[in-house]
Amino acid sequence: KEKLGIAIKLEEGYDTSLQALIVANVLEQLGVKDTEMIEALRQCVRTEIVNDNQVVVGHVESNFALEQ
């Protein structure tokens, strides 16, 4: 069974609660076939942004491409 280690460095001030979303994106780009795990990582993060009245005003997404 394959094992994979990934290190992620976030810039200061970056919301660390989004790490699971970033890892899911990295795994997908690396071609990891475990789609259940990737989806589970995405479900760990609330991507909706709500205001004080709990109205959805935006969303967060992980949008980047790994360099080769």
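When I say helix today, I mean a DSSP run of H or I that is at least four residues long, with the runs numbered from the N terminus, and in that sense Ala20 has its place in helix H1. Please keep in mind from the start that what we have above is a predicted model.

Let me begin with how confident the predictor is. The mean pLDDT of the protein is 88, and 100% of its residues reach 70 or more. If we go through the elements, helix H1, which covers residues 19-29, has the lowest mean pLDDT, at 91, while strand E2, residues 56-59, has the highest, at 95.

Now to the overall layout. The protein contains two helices and two strands, and as you read along the sequence they follow the pattern α-α-β-β. The radius of gyration is 14 Å, well over the 11 Å that the globule rule gives for 68 residues, so the protein is more spread out than a compact globule. You can put that beside the extent of the C-alpha trace, which spans about 45 × 30 × 15 Å along its principal axes.

What share of the 68 residues is buried? Buried residues make up 15% of them. As for the surface, the accessible area comes to about 5,900 Å², and carbon and sulfur atoms account for 47% of that. The protein carries 6 positive and 12 negative charges, and the mean positions of these two groups lie 9 Å apart. If we take contacts between residues at least 6 apart in sequence, 39% of them join residues that are at least 24 apart.

Let us look more carefully at helix H1. Its buried residues are Ala20, Leu21, Ile22, Ala24, Asn25, Val26 and Leu27, and the buried residues of H1 pack against helix H2, which runs over 35-43. After H1 comes Gly31, which has a positive phi, near 85°.

Ala20 is a good residue to follow by eye. Its relative accessibility is 17%, and because the cut-off for buried is under 20%, Ala20 counts as buried. Leaving aside neighbours within four places in sequence, Ala20 is in contact with Leu41, Cys44 and Val45. The C-alpha atoms of Ala20 and Gln43 are separated by 8.6 Å, although these residues are 23 apart along the chain.

From the side of helix H2, the residue I would point to is Ile38, which is found in that helix. Is Ile38 buried or exposed? With a relative accessibility of 4%, Ile38 counts as buried. Once neighbours within four places in sequence are set aside, Ile38 is in contact with Ala24, Leu27, Glu28 and Val32. For Leu27 we also have a distance: Ile38 and Leu27 are 11 residues apart in sequence, and their C-alpha atoms are 7.2 Å apart in space. Two of these partners, Ala24 and Leu27, are among the buried residues of H1.

Next, please turn to the loops. Lys33 lies in the loop between H1 and H2, and with a relative accessible area of 74% Lys33 is exposed. The C-alpha atoms of Lys33 and Phe64, which are 31 residues apart along the chain, are separated by 19 Å.

The other loop residue I want to show is Gln54, which lies between strand E1, residues 48-50, and strand E2. Gln54 is exposed as well, with a relative accessible area of 54%. What is the sign of phi at Gln54? The phi of Gln54 is positive, about 65°, although this residue is not a glycine.

To close, I would ask you to take two views away with you. One is the pair of helices, where the buried residues of H1 pack against H2; the other is the loops, where Lys33 and Gln54 are exposed.

How values were computed
Residues are numbered from 1 along each chain as its sequence is written. This is a predicted model: local features need pLDDT of at least 70, side-chain atom pairs count only at pLDDT 80 or more; totals for chains, interfaces and linings use all residues. Side-chain values use heavy atoms; hydrogens and water are left out. The radius of gyration is taken over C-alpha atoms; the globule rule is 2.2 Å times the number of residues to the power 0.38. Buried means under 20% relative accessible area, exposed over 50%, partly exposed in between (1.4 Å probe, protein chains only). Contact means heavy atoms within 4.5 Å. Accessible areas come from the Shrake-Rupley method with a 1.4 Å probe; for residues, only the protein chains shown count as cover. Lys and Arg count as positive and Asp and Glu as negative; His and the chain ends are not counted. The place of a charge is taken as NZ of Lys, CZ of Arg, CG of Asp or CD of Glu. pLDDT is the predictor's confidence in each residue, from 0 to 100.
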